Amino acid sequence: MKLQIIYCLLILLFLTSCTPKIEKNYPEADAVYLKRVKTYHLNTDGSITTSEEKQQKLLTYRAFQSLFGDTHIFFNPDFQTVDVKSAFTIMADGKKVEVPENGINDILPGWCAGSEAYNRLREKVITHTALERNAVINCAWSVNTAKGIVPCLAGTETISSDCPVENYAVVVEVPEGVTLNYQLINSAVQPETKQKDGFKIYTWQFTDIPQHLAENNETVNLPTVPVLLFSTQNDEASILKWLSTDGVSDEAVASIKKETQSLTPAQKVLKAQEIIANEVNTLFIPAPLTAFKSRAPREVWLSNSGTPFEKCNLLASVIRSQGANAEVCIKYPAYCNDEQLPFHLLAEPLVKVNLGRDTLYLSATHQNRNASEFLGAQTIIRSLSSNFKQINSLRPSDLVKITGEMKLSRNEKINGKISSEYSNSSVPWYSLLANQANVPDKQINSKAKIEELSEHKLVVSSVIDASLSTERGGYLFVTIPESHEVSASIIPSVLSSERINPVALPCPINESYHFQLQLPENSSLVNSLSEEISNSIGTVKISFSQKEDKITIDKHLTINNQSINPKEYTQFKQLMDKWRTPQFKELVICTK
Amino acid sequence: MRKIIIPILCIYASLHAFAQPARKRIETAGTATQFPHSAYMVIFDSTKVDMAESGLSYYNEHKLVKILSTAGAKQFATYRYDYDPLSAYVQLKKLVIYYANGLTKELNAGNEIDYPAPGNVILWGARQKMIELGRLEPGDAFEVFVSKKGFTYALLDQGTDEDSKYIPPMRGHFYDIVPFWSDVPVNEKVYEVTIPNTKQVQYKIYNGKVSEQKKVGSDKTWYSFSLKKITPFTTEPNMVAASDVAPKLLISTSPDWFAKSKWFYKVNEDYGSFESTPEIDRKVKEILKGAKSEIDSVGKLTHWVADEFRYFGLSMGKGEGYTLHKASMTYLDRCGVCKDKAGMLVSMLRSAGFEAYAAMTMAGSRIDLIPADQFNHSVTVVKLSDGKLHLLDPTWVPFVRELWSSAEQQQNYLPGLPQGSDLLETPISDPENHYVKISASSKLAANGTLSGEIHITAEGQSDAALRRLFTGSYKALWTKNVENELLKIYPQGKVVSSFWGNDPYNYQSGPIELRINYEIPDFATVTSNEVIFRPLASSGIFDGAMRYLNFDLSLAERKFPFKDGCSRSIEITDKTVLPARAVFAWKPEPSQVSGTGAQFASSCSLSGNKLTVQEKASFKKRVYTPEDWPSFRESVKMQKMFIENPFILKIEK
């Protein structure tokens with residue numbers, strides 16, 4: 001009986017293996033990965049071997065003409081070697097074509113252009129040949145990183161792609177006795193573990209991953225696809241030390257001092273930021289390719305180029321020389337809030353400056369307008385040199401409130417007074433600290449006077465004298481003044497009917513307008529209206545009404561959430577569609 | 001020892017002697033106040049060329065640059081020089097930095113680094129040399145000395161001596177294109193060339209005046225061209241390439257275009273670029289199965305090469321640049337740049353029995369008559385039974401319903417023919433070949449909601465522009481892309497249904513056709529007295545096929561010729577059924593326009609509750625003269641008048 005069962009099982013196994021594999025259809029995709037495997041191997045001598053293998057089937061012309069025809073491997077020959085193990089194409093008719101010798105080229109990565117210091121970095125481009133629809137690209141390679149170059153074995157793998165993936169495996173192999181810390185978010189997949197030849201092997205196996213096409217207003221801080229984080233480091237302090245660089249550039253200090261002599265302490269700091277952000281070339285080189293190491297500030301200043309980390313070190317050192325307390329910090333997503341996870345792989349540098357009452361958070365690659373917009377939400381700020389650590393959770397609403405009393409003339413001119421109030425990240429606090437002429441909404445506030453100013457509140461009054469209207473056959477069409485801050489700048493200009501990923505907003509929104517417009521004699525408002533929508537995401541109210549010779553315009557938009565998930569998207573779009581309807585941005589006045 | 005000391009002293013003396021004039025030139029050159037819009041200025045720019053009998057040329061470049069702003073300092077943190085090691089040898093011999101504080105720093109050839117250049121879709125082994133200047137400040141200057149021998153591209157290995165690879169492809173000949181215009185101020189520019197007396201030299205200064213000198217020596221003749229006080233060239237929006245209208249020198253020893261044509265023919269035939277293989281022959285037969293006519297066969301082969309071969313340049317090694325890859329290589333790689341795709345098509349056409357050749361052309365700017373190499377693109381010509389040569393461009397027609405891209409009309413080209421050819425120009429393509437027809441039929445409800453259907457069809461380059469919504473995008477985004485065309489103008493709009501045929505990649509089955517059924521709430525202002533709205537079809541929807549709508553129309557007159565993507569005809573019809581009978585209170589009143597550049601006509605009629613708006617426009621060329629501008633500008637203005645202005649209709653009581 002037992003034998004019969006075994007025979008039956010063997011027959012079943014044979015039949016299963018003989019059944020032709022049913023190919024899946026991907027009518028919406030340009031290509032499909034049949035297989036992707038990424039392996040991280042920590043060798044016993046401390047060197048690291050990262051291997052990748054892929055099989056990708058091309059389905060459309062665009063797939064091979066512009067999307068997936070090349071494999072790019074970035075490496076630093078000073079401590080890394082690359083081994084292309086296989087690279088060939090199986091054409092639609094089954095013919096195998098190897099990538100020719102001239103199809104593998106080492107070039108300078110674009111982000112190193114213009115840098116002598118990082119001139120040795122390379123991009124190995126594997127150009128896959130014999131591509132056509134239904135061809136399958138096969139490629140496998142490995143990168144070996146010498147021992148002692150990086151502080152630990154660490155990785156972040158986002159399990160998604162711009163085409164579907166049938167089988168995706170991430171394998172991490174560490175010597176027995178080495179602890180691997182890991183976390184997988186947005187997925188319940190558990191690693192299979194086994195021990196082999198003195199190594200502990202962790203395998204995360206994913207199947208049938210749908211394609212993920214980027215949509216605007218997504219955020220890396222709140223990913224919706226699976227992200228695997230792993231690291232062998234167990235000493236946060238050593239990582240922070242690894243990222244730190246000391247030193248000062250006397251030349252930079254002297255040069256910037258000349259520019260800042262008559263300025264206030266805050267202005268000195270912001271001038272230093274302006275010079276280093278704008279005048280020193282930025283090299284956007286991924287930190288692992290420099291082994292997370294920075295050159296000394298003097299070298300950076302004298303070469304007039306640096307990575308974001310290097311420019312932050314330079315900026316902090318210059319600010320310290322001005323007598324202020326400045327420290328280099330890193331910013332990374334809050335989902336990596338575990339000291340044993342690879343936060344350093346996700347880190348962006350910044351400079352924190354304490355100026356007594358004010359604390360400034362500065363980028364060294366661009367002039368950020370304020371702190372909250374730059375730091376973002378769902379992020380962690382961690383100092384490299386002190387115990388400072390801060391979690392930035394939800395941000396308060398950005399508020400723009402514009403009110404005005406204006407008079408419309410028959411000559412199409414509008415004059416009057418407008419008062420604008422901005423709060424939170426709509427206040428360009430750093431720009432105003434540097435120069436109070438930098439008021440927002442220049443078109444509305446062409447002759448602006450600051451009435452009230454603090455980090456979180458700005459009130460501006462201005463006189464308006466502009467041609468905001470057009471006459472057509474006895475009708476005046478008046479464009480209602482609108483702020484360029486908040487909804488106009490942070491919400492995508494086109495909202496499609498469907499959304500796959502959540503819409504991430506930097507902050508909730510509270511935007512309102514209240515105007516009174518005095519009309520010329522014998523004129524009347526044609527498009528009086530009163531529109532209101534209120535739902536779980538927020539509110540829109542728009543009303544144009546006339547009383548005697550005055551029109552009152554009220555517009556109010558509130559968006560309560562910072563993240564709008566796809567289920568709520570329809571309600572969000574409903575609000576924004578109403579807010580952006582062209583008919584509701586213009587008054588029509590009959591002057592006959 | 002003495003032998004060493006004397007040259008060193010000489011070098012030192014010469015450097016010292018030169019340093020003083022350089023300092024003086026820098027101090028008196030000009031400042032940021034004089035040139036507030038320039039990041040830097042060139043005080044002196046000298047190129048000296050010595051041509052050998054073989055065509056091998058030795059270049060010595062000497063430049064003095066003054067930094068005027070921090071943006072200029074940022075730009076020159078390093079000095080870089082591109083070259084192709086297969087055909088040129090370059091050495092950054094020396095670089096001297098003159099700091100404004102009086103210090104001087106000298107960097108010599110030992111400071112230069114040499115590395116593979118960044119690349120994108122052409123990986124031919126290009127390299128760069130670099131010297132780091134480091135941080136400069138406004139007022140600092142640098143002087144650079146570069147020596148070079150060779151050419152931009154090499155063809156075949158023509159000898160065994162060390163310098164042979166630097167001999168130009170057209171052996172024994174020399175040419176150069178020297179701009180005497182600049183984006184930044186140039187105080188003085190000098191170009192000198194010494195050419196063996198055995199050569200027949202022809203040159204011409206285009207678009208301006210340049211000082212010329214000539215001295216005939218016993219073996220060689222020296223030519224010198226110079227210009228002082230070159231101010232930054234002022235451009236106009238949408239103008240032709242600056243090199244078409246700005247001062248430049250063209251110099252060549254090639255007798256005429258016929259010689260160049262014959263050379264191009266021979267060099268590729270000798271290399272065997274067009275030799276077919278049994279595999280290619282089989283593929284040609286497979287493609288041509290069922291072909292109905294001569295032009296059908298040519299079309300099938302052209303589109304097969306266009307669609308199936310990816311644009312990507314791999315190096316064939318020696319000869320890369322001007323030599324067309326062998327068909328066997330391109331066929332196996334299924335990729336190549338324009339010249340390789342052109343060569344592949346020549347090979348397949350010949351395999352099918354056609355007489356076909358490769359040709360050179362210049363996309364984006366004019367080729368002037370001096371036969372210097374002014375080419376950046378390669379195409380194919382085929383002789384059909386009418387006895388004429390017809391142009392085919394497998395690089396520019398993937399998913400384009402043309403064999404020769406009309407985005408290249410009014411463009412010069414030179415076929416490589418056994419008997420040679422003069423320089424030719426591609427003809428103007430009738431705007432009707434690139435029509436866009438938009439028609440909307442809608443009903444406006446009393447609450448201001450518009451519902452109906454819009455229908456768009458297009459041909460030629462207009463078809464290609466609309467088709468790129470699909471072929472230039474992820475497949476998963478096609479529906480969204482079509483929807484967004486409506487939502488860009490009316491965010492509150494809703495696409496009820498949309499249709500775009502079976503498969504946009506199947507472009508040979510017919511012109512593209514799109515239909516959208518829509519509902520747009522709050523489309524119009526409707527009161528008891530008025531109806532106010534902009535008709536949908538005239539609103540600028542699908543403006544991707546009407547790029548001229550983005551032209552800057554502020555210039556009343558133009559100094560230079562200008563260009564659009566292609567000639568084009570536009571036909572817009574909008575029919576709206578109103579909620580009530582109405583009469584015009586005000587409507588856009590465009591005038592009729594007809595001129596050498598474009599023409600425009602429109603009509604509006606209101607019959608009871610039916611408003612009909614029609615617009616017809618024709619933009620007649622790709623490259624226009626300044627005289628064409630008034631009618632072109634007015635025609636665009638007229639179309640924009642409908643986009644920007646509403647109809648105001650009075651409801652009949």
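## Salt bridges between the chains

A salt bridge is a side-chain nitrogen of Lys or Arg lying within 4 Å of a carboxyl oxygen of Asp or Glu. In this predicted model, that rule finds seven salt bridges across the interface of chain A and chain B. One of them joins Arg133(A) to Glu308(B), where the closest N and O atoms are 3.8 Å apart, and this pair counts because the distance falls within the 4 Å limit.

## The interface as a whole

The size of an interface is often given as the accessible area lost when the parts come together. For chain A and chain B the area buried between them is about 5800 Å², with 52% of it on carbon and sulfur atoms. The contact draws 73 residues from chain A and 64 residues from chain B, and 31 residue pairs across the interface are in polar contact, both members having pLDDT 80 or more.

On the side of chain A that touches chain B, several helices and strands each supply at least two residues, among them α2 (61-67), α5 (265-279), β7 (122-127) and α11 (569-580). The element that gives the most is α2(A), with five residues. Sorted by character, the residues on this side of chain A comprise 27 nonpolar, 25 polar and 21 charged.

## Chain A in outline

Chain A contains eleven helices and 35 strands, and its C-alpha atoms fill a box of roughly 100 × 65 × 50 Å along the principal axes. Of its 592 residues, 55% are buried, while the chain exposes about 25700 Å², of which carbon and sulfur atoms supply 49%. Among the contacts in chain A with a separation of 6 or more, 72% are between residues 24 or more positions apart.

## Two covered helices of chain B

Helix α9 of chain B, residues 460-471, is largely enclosed by the rest of the structure, because eleven of its twelve residues are buried. The buried residues include Gly460(B), Asp463(B), Arg467(B) and Phe470(B). Their cover comes from both chains, since it includes α2 of chain A together with elements of chain B such as β24 (435-444), β25 (450-458) and α10 (478-487).

Helix α10(B) is also mostly covered, with eight of its ten residues buried, including Trp478(B), Asn481(B), Glu483(B) and Leu487(B). The buried residues of α10(B) pack against α11 of chain A, and within chain B against α9, β26 (494-499) and β27.

## Two buried residues of chain B

Arg310(B) sits in strand β16, residues 310-311 of chain B, and it is buried because its relative accessible area is 4%, which is under the 20% cut-off. Its side chain reaches across to chain A, coming to 3.2 Å from the backbone oxygen of Phe64(A). Apart from neighbours within four places in sequence, Arg310(B) is in contact with residues of both chains, including Gln65(A), Asp70(A), His128(A), Arg334(B) and Cys335(B).

Leu649(B) belongs to strand β37, residues 647-651 of chain B, and counts as buried at 0% relative accessibility. Its C-alpha atom is separated by 9.3 Å from that of Arg581(B), although the two residues are 68 residues apart along the chain. Not counting residues up to four places away in sequence, Leu649(B) touches several residues of chain B, among them Val531(B), Phe533(B), Leu578(B), Phe584(B), Leu606(B) and Leu611(B).

How values were computed:
Residues numbered from 1 in each chain as written. Chains lettered and ligands numbered in written order. Predicted model: local features only at pLDDT ≥ 70, side-chain atom pairs only at ≥ 80, totals over all residues. Heavy atoms only, no water. Contact = heavy atoms within 4.5 Å. Buried area = accessible area lost by both parts, 1.4 Å probe. Polar contact = N/O pair within 3.5 Å; in protein donor to acceptor, adjacent residues only side chain to side chain. Helix = DSSP H or I, 4+ residues; strand = E, 2+ residues; numbered from the N terminus. Nonpolar A, V, L, I, M, F, W, Y, C, P; charged D, E, K, R; others polar. Buried < 20%, exposed > 50% of the residue type's maximum accessible area, 1.4 Å probe, protein only. Areas by Shrake-Rupley, 256 points an atom, 1.4 Å probe, with all protein chains shown as cover.
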